[in-house]
Protein chains: 2
Amino acid sequence: MPWNVAFIGTGVMGAPMAGHLLGAGHAVTVHNRTPAKAHGLVSLGAKLAASPADAARDAEFVFINVPDSPDVREVCLGENGIIRSVRKGTLVIDHSTISPKVSREVAAELEKVGVEFLDAPVSGGDIGARSATLSIMVGGSDAVFDRALPLLRLMGKTVTHTGPVGTGQLTKLVNQILVTVTNLATCEALAFARKSGLNLEKTIEAVSGGAGGSWQLANLGPRMVKGDFRPGFTIDLQQKDLRLVLEAGEEGEVSLLATSLVHQLFSAAQSAGYGREGTQALFKVVDGLSQRH
Amino acid sequence: MPWNVAFIGTGVMGAPMAGHLLGAGHAVTVHNRTPAKAHGLVSLGAKLAASPADAARDAEFVFINVPDSPDVREVCLGENGIIRSVRKGTLVIDHSTISPKVSREVAAELEKVGVEFLDAPVSGGDIGARSATLSIMVGGSDAVFDRALPLLRLMGKTVTHTGPVGTGQLTKLVNQILVTVTNLATCEALAFARKSGLNLEKTIEAVSGGAGGSWQLANLGPRMVKGDFRPGFTIDLQQKDLRLVLEAGEEGEVSLLATSLVHQLFSAAQSAGYGREGTQALFKVVDGLSQRH
């Protein structure tokens, strides 16, 4: 049945995700800090709300996709936040990648007013958002997960219930450790190959199918070789996620040697002015370590 | 047509590889430092030779698969080496993983007596050797590569001509950078997941299909979770290969931050007594960094 749905944060990820809800026949009210970014959805039939509180007023489901922990706190608990207007029994689903601790705090505050919460960060980038093939990692109770599942399936291909609130975020952070350290593996391997005089296309072809193979090598390796540093996912955003990983590691007393190293190398990439380029621009830093300046 | 073929080094990789040559109808003479390890092939119809020189005497192709650079030098150029008996026009194909520099040296010595050489290291482990699905990275001239290709196809699924002599080894070293740093990514991600209280099977399931996915995660991750540290490829052998990577990096003035880190962590694994376990036992070291002792 069609639901009243709110979607807060209609950026490069949120807009196509909200579009899938709209396309399935749900009544969607959107809010975005920069309203212009919601106009595409409005032209498709979405209502525009002036604040998160306005958007959430009549909603049975409230989706959120904003940049960082303070944004989620503000959207949910702030002066014009969801909590000012939301009805008891509403389910808030946060697709942002934020601190697992903040997810748990926000969930606890919403629980006090009878509102349910799932942390449901995604991976798969803007391509996955547009093609509804995102991986969605969902933290929350069984019953709440089951309630959200039909809607989540409109946006994601792999929807995994990871455990209680906060575990969606923790699983996303695990994903970011894998993504970034495997990216570094790709950069270092190709820098070694280049300095050794190997043909880089042929090298990728020779090793991609074996035990050294990865999504990063297959997808970002060829872009590094071609010098195509346009962003799928920017280094600036990756650094935000790595800060969350390292914070969570510090809270949990987990030693993260490789992730720290990647974080520092991405800092070098930011210093060099590559922050708004794709994460594959890390190659320029790693390769540059072995160049004459 | 059936060839006279010699195979030097019939260990866990060499024996099944020689078996495929035998199975295709070639006349195979084998030599192994420990002759007992060649008995299986002899029972299948191979001839046993007392030395590399004896094995190579009537061969049109000589295959080698021995542990390290000094072994290849000894087998090719030593007192009882191939060079003592080999006929002009013979093609020597070295499947060992050794120093690219030593490959070039041995090739140059053999060239002086009219013998051709390919460095052709493999990846895919004992499973790949048995099922003839190895990746083979081949350095040498076009004509020599073409001459060997029909025989290499009996042992490998992906046979890539990487360039002149030495480039097969260099490509294998690129592969080992990818393999080991991606292994570290897997260890660190799962250690973080475990310490964060996540369900590890579910975590692997949630992230394997996305941008964090890799052969290492899909194949070694579940073994780390189950505590199955039986070797596909041992840490001791991996360390030998990483020494070759770091040596080549030093010669080429390539900075290898992540590979050095993995090498040091594998040293810790060796100190802890895990050298003869599989490379996935690196997880015990990485996970142990965040444990109380």
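## The salt bridge between the two domains

In this predicted model, how many salt bridges cross the interface of domain 1 of chain A and domain 2 of chain A? The rule finds 1 salt bridge there. Its partners are A:Glu251 and A:Lys101, whose closest N and O atoms lie 3.8 Å apart. That distance qualifies because the cut-off for a salt bridge is 4 Å.

Polar contacts join the same two domains as well: the count is 4 residue pairs, both members at pLDDT 80 or more. On the side of domain 1 of chain A that touches domain 2 of chain A, helix 5 (100-112) and strand 7 (122-123) of chain A each supply at least two residues. Helix 5 of chain A gives the most to that side, with 3 residues. Sorted by class, this side of domain 1 of chain A has 6 nonpolar, 5 polar and 4 charged residues.

## How the domains of chain A sit together

Stepping back to the whole chain, domain 1 of chain A covers 4-164 and domain 2 covers 170-291. Taken over C-alpha atoms, the centres of these two domains of chain A are 29 Å apart. Their contact draws on 15 residues from domain 1 of chain A and 10 residues from domain 2 of chain A.

Between them, the two domains of chain A bury about 980 Å², and carbon and sulfur atoms give 62% of that area. Which three residues supply the most of what domain 1 of chain A buries against domain 2 of chain A? They are A:Thr97, A:Pro100 and A:Met137, which together supply 43%, more than any other three residues.

## Where chain A meets chain B

Now for the partner chain. The contact between the chains takes 56 residues from chain A and 56 residues from chain B. About 4,700 Å² is buried between chain A and chain B, with carbon and sulfur atoms giving 70% of it. A:Leu178, A:Glu188 and A:Phe192 are the three residues to look at here: they supply 15% of the area that chain A buries against chain B, more than any other three.

The count of salt bridges between chain A and chain B is 0. Polar contact is another matter, since the rule finds 16 residue pairs across the interface of chain A and chain B, both members at pLDDT 80 or more. Several elements of chain A give two or more residues to the side that touches chain B, among them strand 8 (134-139), strand 9 (156-163), helix 8 (167-195) and helix 12 (257-271). The largest share of that side, 20 residues, comes from helix 8 of chain A. By class, the side of chain A that touches chain B has 29 nonpolar, 21 polar and 6 charged residues.

## The symmetry of the pair

How are the two chains related? Chain A superposes on chain B through a rotation of 180° with 0.0 Å of shift along its axis, at an RMSD of 0.0 Å. That is the relation of a two-fold axis. If you want to find this axis on screen, start from A:Ser214: its C-alpha is the nearest to the axis in chain A, 1.9 Å away.

Why can one say that the copies meet through the same surface? Because 100% of the interface residues of chain A are also interface residues in chain B.

Methods:
Residues are numbered from 1 along each chain as its sequence is written. Chains are lettered from A and ligands numbered from 1 in the order in which they are written. This is a predicted model: local features need pLDDT of at least 70, side-chain atom pairs count only at pLDDT 80 or more; totals for chains, interfaces and linings use all residues. Side-chain values use heavy atoms; hydrogens and water are left out. Contact means heavy atoms within 4.5 Å. Buried area is the accessible area (1.4 Å probe) that two parts lose on being put together, summed over both. A salt bridge is a side-chain nitrogen of Lys or Arg within 4 Å of a carboxyl oxygen of Asp or Glu. A polar contact is a pair of N or O atoms within 3.5 Å; within protein, one must be able to donate a hydrogen and the other to accept it, and residues adjacent in sequence count only if both atoms are side-chain atoms. Helices (H or I, at least four residues) and strands (E, at least two) are DSSP runs, numbered from the N terminus. Ala, Val, Leu, Ile, Met, Phe, Trp, Tyr, Cys and Pro count as nonpolar, Asp, Glu, Lys and Arg as charged, and the others, Gly among them, as polar. Copies are superposed by least squares on the C-alpha atoms of residues with pLDDT of at least 70 in both. Domain bounds come from an automatic or database domain assignment.
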